[in-house]
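The following exercises are meant to be worked through with the sequence and the three-dimensional structure side by side. Each task is followed by a solution that proceeds step by step.

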Amino acid sequence: YSSAASDVYKRQIGTNDQIHSVSITGRDGITLEGNITTSNKSSNNVSFTGPVSINAATVAIDTNAAGNDGTVTFSSTIDSLTSGRNLDLVSGGAKITVDGTIGSTLALTTLDVNASAGAGDIELANIGDSLGTGVTGTSTIGNSATNLLTLDGTVYFTDVVDYEAKSAGSIAISGGTVTFTTDTDAMTFSTAPVVLSGDGTTTMTTGSGGAGVITFASRIDGTGGSGENLTLESGTGNITVTGAIGASSALGNLTMNTGGDGDITLTSNIGADASNPGVTGVTRIGNAATADLSLDGTVYTTGGTTTYTGAAIDLGTADPTFTTSDDAITFGTGNVTHIDDLTVNSVGGAISFAGSLLGSGGLDDTVTLNASGGSTNTVAVSVIGADGGNIKSVALTGSGGITLAGNIFTANTGSN
């Protein structure tokens, strides 16, 4: 089926294996008022050339046939014609491409793009604009089988949203300076690693005063550039990153919650090892209001000034090592609690702890803070351990000076 005109209005197209492929061109607009389904035959593709408006409660475009899957392509924008409009795109193993903005003139209510199944690649430009959401309800983009989800626009403004691709694939954010926004609603990147490319800052915000969580189910990487920066702001919502940050390719700068009391949990590392930083520029994680900052990896290697701040900072794994390259590393505001040996090597940068440094494991926890070998070479600490506590030994090295602002307690054990 093919149609071309300045304005095109279409109700349902295809049912019971009737229509092979669909190509609709409308220079001034295409209005869809029903579903489109293509047959089980090769090249069963659907394409739209011109801006598309949705004018039915739900429009489903389905090219996922039993033995053949067709591509779905939009050359321009997609909008609701009136409120309460939903769009469902299903392509199985074929690619879905939307080259225009979704919901910039009038938002959709929900958006599903291969939401439940299908390995086909997905490529989306923008959703919404800087002034408002492109989808007012839930957006489900991709699934755990999607090969590659490419987000190559600069604005993604949604309500609750889940971006997903398979674990061996990726969610590629390639627009350079990109903003992802929800209005106090959850933002989730499921299953696949997130890869940033193009110089610029990717900013993800779920509301400065709200409770929208930001969740990454896998790792976050750059692609080798020095300007691939990431900023996460979740207000009172929590931030969780399950995979390593910059272990395969470092980010430029990394910022998480300059305000708000949402918890921050990093369950894995920053960087690949002590010699390969996961962030080459400034790292700023948490603020004085952050209720709990949990760092559960074993390696935290950064290449610039680094600050970890929270009302409480928990190091929840065995033998964590924090490393910078002649850059300051600061643990701000709250007490730092670790369950095993803690090592901080700044290679000459200033090391400072604003709160107490406490053990929480057995009687063999050690603290090693080494600030020698560079330009500043200083260590500043508050209380270390607690009276009758469980830190076995403490070693502080700072050729530029060591400042003790509190007592040091070691456990009742040998070599304390």
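**Exercise 1. Salt bridges and their exposure**

Is Asp-28 buried, partly exposed or exposed? Decide this, and then describe the salt bridges of the structure together with the exposure of their residues.

*Solution.* The model is a predicted one, in which local features need pLDDT of at least 70 and side-chain atom pairs count only at pLDDT 80 or more, whereas totals for chains, interfaces and linings use all residues. Residues are numbered from 1 along each chain as its sequence is written, and side-chain values use heavy atoms, with hydrogens and water left out.

Step 1. The classes of exposure are set by relative accessible area: buried is under 20%, exposed is over 50%, and partly exposed is in between, with a 1.4 Å probe and protein chains only. Asp-28 has a relative accessible area of 48% and is therefore partly exposed.

Step 2. A salt bridge requires a side-chain nitrogen of Lys or Arg within 4 Å of a carboxyl oxygen of Asp or Glu, and a search of the whole structure finds three of them. Asp-28 meets Arg-27 in one such bridge, at 3.5 Å from N to O, and Arg-27 counts as exposed because its relative accessibility is 63%.

Step 3. Lys-95 and Glu-123 form another salt bridge, with their closest N and O atoms 2.9 Å apart. This pair links distant parts of the chain, since Lys-95 lies in the loop between strand E9 (86-90) and E10 while Glu-123 belongs to strand E12 (residues 122-124), 28 residues apart. Strands (E, at least two residues) are DSSP runs numbered from the N terminus, as are helices (H or I, at least four). Lys-95 is partly exposed, with a relative accessible area of 35%.

Step 4. In the salt bridge of Arg-219 with Asp-221 the closest N and O atoms are 2.9 Å apart. Arg-219 is partly exposed at 34% relative accessible area, whereas Asp-221 counts as buried at 3%.

**Exercise 2. A covered strand and its partners**

How many of the residues of strand E16 are buried, and which strands does E16 join?

*Solution.* Step 1. Strand E16 (residues 161-165) is mostly covered, five of its five residues being buried.

Step 2. In a regular strand the side chains alternate between the two faces of the sheet. In E16, Val-161, Tyr-163 and Ala-165 point one way and Asp-162 and Glu-164 the other way, all of them buried.

Step 3. Two strands pair if DSSP finds at least two bridges between them. Strand E13 (residues 139-141) runs parallel to E16 and is joined to it by three bridges, while five bridges join E16 to strand E19 (residues 187-191), again in parallel. Val-161 stands opposite Ser-139, and its bridge partner in E19 is Met-187.

Step 4. Strand E15 (residues 155-158) can be read in the same manner: Val-155 and Phe-157 point one way, Tyr-156 and Thr-158 the other way, and all are buried. E15 pairs in the parallel sense with strand E18 (residues 178-182) over four bridges, and Phe-157 stands opposite Thr-181 there.

**Exercise 3. Aromatic pairs**

How many aromatic pairs are counted, and which residues form one aromatic cluster?

*Solution.* Step 1. Rings of Phe, Tyr and Trp (its six-membered ring) pair if their centres lie within 6.5 Å; planes under 30 degrees apart count as stacked, over 60 as edge-to-face and the rest as tilted. By this rule there are 12 aromatic pairs.

Step 2. Phe-180 and Phe-189 form an edge-to-face pair, 5.9 Å centre to centre with 75 degrees between the planes, and both residues are buried.

Step 3. Tyr-308 and Phe-322 are likewise edge-to-face, at 5.4 Å and 75 degrees. Tyr-308 lies in strand E31 (residues 306-315) and Phe-322 in strand E32 (residues 321-323), so this pair ties together parts that are 14 residues apart in sequence. Tyr-308 is buried, with a relative accessible area of 0%, and Phe-322 counts as buried at 0% as well.

Step 4. The cluster consists of Tyr-156, Tyr-163, Phe-180, Phe-189 and Phe-216.

**Exercise 4. The surroundings of Thr-202**

Where is Thr-202 found, and which residues does it touch?

*Solution.* Step 1. Thr-202 is found in strand E21 (residues 200-205), and it is buried, with a relative accessible area of 3%.

Step 2. Contact means heavy atoms within 4.5 Å. Not counting residues up to four places away in sequence, Thr-202 touches Ile-173, Gly-176, Val-178, Phe-180, Leu-196, Asn-229, Leu-230 and Thr-231.
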